[in-house]
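Student: I should like a close look at one part of this model, followed by a connected account of how other sites in it are arranged. Please give the cut-offs behind each term as it arises.

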Amino acid sequence: MESALKDLSTPTGGVEDVYGEDCATEDQCITPWTIAVSSGYNLLRDPRYNKGLAFTERERDAHYLRGLLPPVISSQELQEKKLMQSIRQYDVPLHKYVAMMELEERNERLFYKLLIDNVEELLPIVYTPTVGEACQKYGSLFKRPQGLYISLNEKGRILEVLKNWPEKSIQVIVVTDGERILGLGDLGCQGMGIPVGKLALYTALGGVRPSACLPITIDVGTNNEKLLNDEFYIGLRQRRATGQEYYDFLHEFMSAVKQNYGEKILVQFEDFANHNAFELLAKYRTSHLVFNDDIQGTASVVLAGLIASLKLLGGALCDHTFLFLGAGEAGTGIAELIALEISNKTNIPVEETRKKIWLVDSKGLIVSGRKETLQAFKKPWAHEHEPVNNLLDAVKAVKPTVLIGTSGTGRTFTKEVVEAMACMNKRPLIMALSNPTSQAECTAEEAYTWSEGRAVFASGSPFPSFEYDGKLNIPGQANNCYIFPGFGFGLVMSGTIRVHDDMLLAASEALAAQVTEEHYAKGMIYPPFADIRKISAHIAASVAAKAYELGVATRLPRPADLVKYAESCMYTPNYRSYR
Ligand SMILES: O=C([O-])CC(=O)C(=O)O
Ligand SMILES: [Mg+2]
């Protein structure tokens, strides 16, 4: 197997990393790998240090492993080959997911090496879409805790609970309250699969050390009747706390996090319901380092795709008209970032640039006549127009060049809708962003077929390539996982203490800059995931550069070459040699 990470073990023990994680700067709180590790049977049971059959003769002697392993000594590459072979034997994606989670519990470095070296094949397993199914069945799959569960039972004691986590140098927390897991709705405490999956990508795609990542699920109950009546449900068996009780609990959490980990801890909000997502982001963005992946990460990745797509569509961003189906976190988040980018590029005020962007929600086109009854985050999009109550009529009325689905409801871009887009545009841009695959607004095959091969298509969940009329089309995966690992890594490596929208724009431009002519020729508006570590290093560097410019980066002095610096700080999962 070709490994992206060559074996760089040095003869004296230690590893010369591609990314030099071991010589990263002192303020990164790197735990030296030479710390005393357990010996004998306990070493084989410690996923952080276990190497399985890769322990050398010398290590087997020095660490009392004689007889505990069969005689053969494998390389990490051979272990990878064997594992890929066994994972490929499963037909059911969820079985592959379980196999991967078991590997993580057994041998952490091998897990990350496998994931990095086979990212295109394994991303849909440890992440979207399979992680969605895993959350639905998490009660039965649950074995060992992979993160912290903070339920209402722990009210008043959250700081104590944080101290129970075995790792102390935490840099990134991904937290969910499970109320809107992907497009699957309220999965309560079983939403834990999401922070676990997101943080696995922080390490594999972004290079944050696994020990610096902390998945957290906040359990304030669930309104999912099926779970409340499921004997295997693992969460609080009560309806969701709301209002003051909810916000007080979240405030205790946010305060405890800052008290325990300091100013530079990054908290990524994930899969909260709309009302809380906007509220929490607005409330904590001025006092904490917070980032909402569904609002800001999704916005940044979609904007990157839009910037890149101009090569195929023609014109500048300000020449296009955008129509969204879905006006929640993703929809309004993306819309706002597009308006901001156009405003920055043209010097037209954002109140004006918003007028090229239209949103449809469950009640039809958002127009000024509905303003009274709209939630606050939808109001900026209520433009002058007569009422239009369905998507097809909205397409005909607004005449968009770009159609974006963020509705969380599958199969809503019907044949008629796609045909109308294709009828008005030489190359309609269609983005079906809802996750997982079952909730996508249309499939890649449908978009290409119904547009007679002219659509430029991207989706949140992965779709296979599709040949139309002899031409191969490669759909883009406009998923926030292109952005958040590099974005978060950029914040962490520069010691940034607040997120600013300009950093999101910087991330979008850095991602778009990674798309080459060769990619455009295949209809791609995102670079291949196989290059994600390099892409993340560039995103991290751009985000950090912006943070330094804005004066919110505390890691001083500013490294001269931020791309090199990013690469030098990234975790790599090659085995270390033990003395
Ligand atoms: O998890 C994903 O694939 C993207 C995302 O944030 C969501 O759909 O909520
Ligand atoms: Mg999400």
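Student: Where does Asn 347 lie?

Tutor: The model is predicted, so local features need pLDDT of at least 70 and side-chain atom pairs count only at pLDDT 80 or more, while totals for chains, interfaces and linings use all residues. Residues are numbered from 1 along each chain as its sequence is written, chains are lettered from A and ligands numbered from 1 in the order in which they are written, and side-chain values use heavy atoms, with hydrogens and water left out.

Asn 347 lies in the loop between helix 15 (329-346) and helix 16 (350-353); helices (H or I, at least four residues) and strands (E, at least two) are DSSP runs numbered from the N terminus. Although Asn 347 is a residue other than glycine, its phi is positive, near 65°. Its relative accessibility is 71%, and it therefore counts as exposed (over 50% relative accessible area; buried is under 20% and partly exposed in between, with a 1.4 Å probe and protein chains only).

Leu 182 is another non-glycine residue with a positive phi, about 45°. The loop that holds Leu 182 runs between strand 2 (172-176) and helix 10 (193-204). Leu 182 is buried because its relative accessible area is 11%, whereas Asn 347 is exposed.

Leu 182 also leads to the ligand site, where it is one of the residues surrounding ligand 1 (a heavy atom within 4 Å). The others in that surround are Tyr 127, Thr 128, Arg 180, Lys 198, Glu 270, Asp 271, Asp 293, Asp 294, Asn 435, Asn 479 and Asn 480. Several side chains approach oxygen atoms of ligand 1 as polar contacts (N or O pairs within 3.5 Å; within protein, one atom must be able to donate a hydrogen and the other to accept it, and residues adjacent in sequence count only if both atoms are side-chain atoms). For Lys 198, an N or O atom of the side chain is 3.1 Å from a ligand 1 oxygen; for Asp 294, the corresponding distance is 2.9 Å. Asn 479 places a polar side-chain atom 2.8 Å from an oxygen of ligand 1. Of the 260 Å² of accessible area that ligand 1 has on its own, the protein covers 93% (Shrake-Rupley method, 1.4 Å probe; for residues, only the protein chains shown count as cover).

The largest pocket is where ligand 1 sits. A pocket is an open set of points on a 1 Å grid over the protein atoms alone, with protein on both sides within 12 Å along at least five of seven lines; a cavity is a set where a 1.4 Å probe fits but cannot get out, and lining residues have an atom within 4 Å of a point. To sit in one, a molecule needs more than half of its atoms within 2 Å of its grid points.

The magnesium ion (ligand 2) draws on residues already met around ligand 1. Glu 270 (OE), Asp 271 (OD) and Asp 294 (OD) coordinate it at 2.0 to 2.1 Å. Along the chain these donors are spaced as E-D-x22-D. Distant parts of the chain are thereby linked: Glu 270 is in the loop between strand 4 (266-269) and helix 13 (274-284), and Asp 294 is in helix 14 (residues 293-313), 24 residues apart. Donors are N, O and S atoms within 2.8 Å of the metal (3.2 Å for Na, K and Ca), and water is not among the atoms, so sites may look incomplete. Glu 270 counts as buried because its relative accessibility is 1%, and Asp 294 is likewise buried, at 7%.

Thr 128, also listed around ligand 1, is joined to Pro 129 by a cis peptide bond with omega about 10°. Pro 129 is placed in the loop between helix 6 (119-126) and helix 7 (130-136). A cis peptide bond also joins Leu 556 to Pro 557, with omega about 0°; the loop holding Pro 557 lies between helix 23 (532-550) and helix 24 (562-569).

Finally, His 383 is found in the loop between strand 8 (364-365) and helix 17 (391-398). His 383 counts as buried because its relative accessibility is 8%. Polar side-chain atoms of His 383 face backbone oxygens: that of Arg 354 at 3.0 Å and that of Ile 357 at 2.7 Å.
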